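Here's a quick briefing to read with the structure open beside you. Start with the packing, then move on to the charged pairs.

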Amino acid sequence: MKSLEIITEEINQQTLNIDLLDTIQMLKKINDEDKKVALAVEKEIPNIAKAIDEIAPRVMEGGRLFYIGAGTSGRLGVLDASECPPTFGVDPEMVQAIIAGGDRAIKMSVEGAEDDIEGGKRDLLSKNLNPKDVVVGLAASGRTPYVIGALKFAKEVGALTVGICCTSSNLMQGYTDIMITPIVGPEVIAGSTRMKAGTAQKMVLNMISTGVMIKLGKVYGNLMINLKATNQKLQNRAKRIVKLITGAPDDVIEKILIDTGYDVKNAIFMLLTGAGKDEANNFIERHRGNLRKALLDWEKQRHPLL
């Protein structure tokens with residue numbers, strides 16, 4: 001296909017003379033283009049929802065979620081994956097990111113890495129990819145060889161494959177079970193997909209990881225009850241979360257959090273039910289870490305007619 005058929009490479013008619021504008025006008029042009037991103041993502045909500053509903057049960061049964069990409073797309077995958085453990089208290093193995101060129105490519109360009117169609121396969125082979133896993137390919141243009149090779153291999157293995165790109169004319173769709181294509185249009189600076197396309201991909205990744213974690217019970221209401229309180233800031237956040245849900249006195253909350261090793265879910269269960277630490281832990285484990293389900297089960301056992 002001709003490069004002009006790749007919308008992410010086309011010339012944006014709204015910003016032809018951006019280099020002649022004063023700073024305020026320049027920024028307004030950029031902002032006007034950025035406003036289009038959320039609307040483009042909104043149109044893809046059905047496909048994003050389908051991805052979440054397919055990914056969550058696989059992860060629940062021990063499958064892993066891999067993001068794989070090159071350049072900006074790969075770095076966005078690294079960002080989202082790296083933030084899952086501190087935000088949701090999950091093992092770093094659950095959500096992993098692979099970038100063409102390896103860790104060095106996170107900070108600088110690794111020439112030629114994205115063109116290595118066998119590279120994605122090799123990197124997934126090193127992870128012992130299996131049919132329970134999920135591979136999300138990230139490529140603004142939808143045709144990065146490294147990502148295509150990775151998706152092709154993942155498909156052969158039997159893993160669930162998801163593609164995220166910003167053009168409807170893409171090569172990824174031939175190797176994906178689900179395609180997510182927020183069409184953000186030409187970039188402010190032609191071909192600079194770190195801008196609108198990058199923003200769209202980050203928004204989609206945020207939705208996927210957050211949606212999956214909600215499905216897995218890592219969130220109660222809109223509070224991150226599975227956080228790991230590894231520093232003073234997070235310990236204070238843990239106290240606030242327990243306070244918001246239970247309304248217990250501050251001194252009681254602090255005592256029970258210390259007693260549970262700052263296990264927020266156990267502390268909440270104990271305060272809401274009066275259960276001991278071991279009993280609370282057993283109920284929560286029985287429901288695979290889902291606090292809401294554990295609390296409902298507690299109520300049913302004590303009030304069978306409910």
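In this predicted model, the buried residues of helix α6 pack against β1, β2, α5 (119-125), β3 (134-138) and β4 (160-164). The residues of α6 that count as buried are Y146, V147, I148, G149, A150, L151, F153 and A154. The chain around them has twelve helices and five strands, and buried residues make up 48% of its 306 residues.

**Helix α6 up close**

- Helix α6 covers residues 145-157, and its 13 residues should span 18 Å at 1.5 Å a residue. The C-alpha atoms at its ends are 18 Å apart, so the expected span and the model agree.
- Just after α6 comes G158, which takes a positive phi of about 105°.

**Strands β1 and β2**

- Two of the elements that α6 packs against, β1 and β2, also pair with each other: they run parallel and are joined by five bridges. Strand β1 takes in residues 65-69, and strand β2 takes in residues 95-99.
- In this pairing, G69 sits opposite I99 of β2.
- To get from β1 to β2, the chain goes through helix α3 (residues 71-88), and this β-α-β crossover is right-handed.
- How enclosed is strand β2 by the rest of the structure? Largely so, because four of its five residues are buried.

**Helix α7**

- Helix α7 is another one where the numbers match: its 20 residues should span 28 Å at 1.5 Å a residue, and its end C-alpha atoms are 28 Å apart.
- Plenty to look at on the buried side here: K196, A197, G198, A200, Q201, V204, L205, I208, S209, G211, V212 and M213 are buried in α7.
- Right after α7, G217 has a positive phi of about 80°.
- The loop between β5 (178-180) and α7 is where you'll find T181. T181 has 16% relative accessibility, so it counts as buried, the cut-off being under 20%.
- What does T181 touch, leaving aside its neighbours within four places in sequence? Its contacts are E44, C165, T167 and N170.

**Salt bridges**

- The structure has 13 salt bridges, and three of them are picked out below.
- E33 and K196 join their side chains in a salt bridge, with N to O at 2.7 Å. That pair links helix α1 (residues 23-42), home of E33, to helix α7 (residues 196-215), home of K196, across 163 residues.
- Are the two partners buried or exposed? E33 is buried, because its relative accessibility is 3%, and K196 is buried too, because its relative accessibility is 1%.
- E33 and K196 also belong to a network of salt bridges that takes in K36.
- K215 pairs with D53, and the closest N and O atoms in this salt bridge are 3.4 Å apart. Since K215 lies in helix α7 and D53 in helix α2 (residues 45-60), the pair ties together parts that are 162 residues apart in sequence.
- Both ends of that bridge are partly exposed: K215 has a relative accessible area of 49%, and D53 has a relative accessibility of 45%.
- K277 and D259 make a salt bridge whose closest N and O atoms are 3.7 Å apart. Here K277 belongs to helix α11 (residues 277-286) and D259 to helix α9 (residues 250-259), with their positions 18 residues apart in the numbering.
- K277 counts as partly exposed at 35% relative accessibility, and D259 is partly exposed as well, with a relative accessible area of 41%.

**The chain as a whole**

- Taken along the principal axes, the C-alpha atoms fill a box of roughly 65 × 50 × 40 Å.
- Looking at contacts between residues at least 6 apart in sequence, 64% join residues at least 24 apart.
- About 15,300 Å² of the chain is exposed, and carbon and sulfur atoms supply 53% of that area.

Key
Residues are numbered from 1 along each chain as its sequence is written. This is a predicted model: local features need pLDDT of at least 70, side-chain atom pairs count only at pLDDT 80 or more; totals for chains, interfaces and linings use all residues. Side-chain values use heavy atoms; hydrogens and water are left out. A salt bridge is a side-chain nitrogen of Lys or Arg within 4 Å of a carboxyl oxygen of Asp or Glu. Buried means under 20% relative accessible area, exposed over 50%, partly exposed in between (1.4 Å probe, protein chains only). The expected span of a helix is 1.5 Å times one less than its number of residues. Two strands pair if DSSP finds at least two bridges between them. A crossover is right-handed if, with the strands pointing away from the viewer, the path from the first strand over the helix to the second runs clockwise. Contact means heavy atoms within 4.5 Å. Accessible areas come from the Shrake-Rupley method with a 1.4 Å probe; for residues, only the protein chains shown count as cover.
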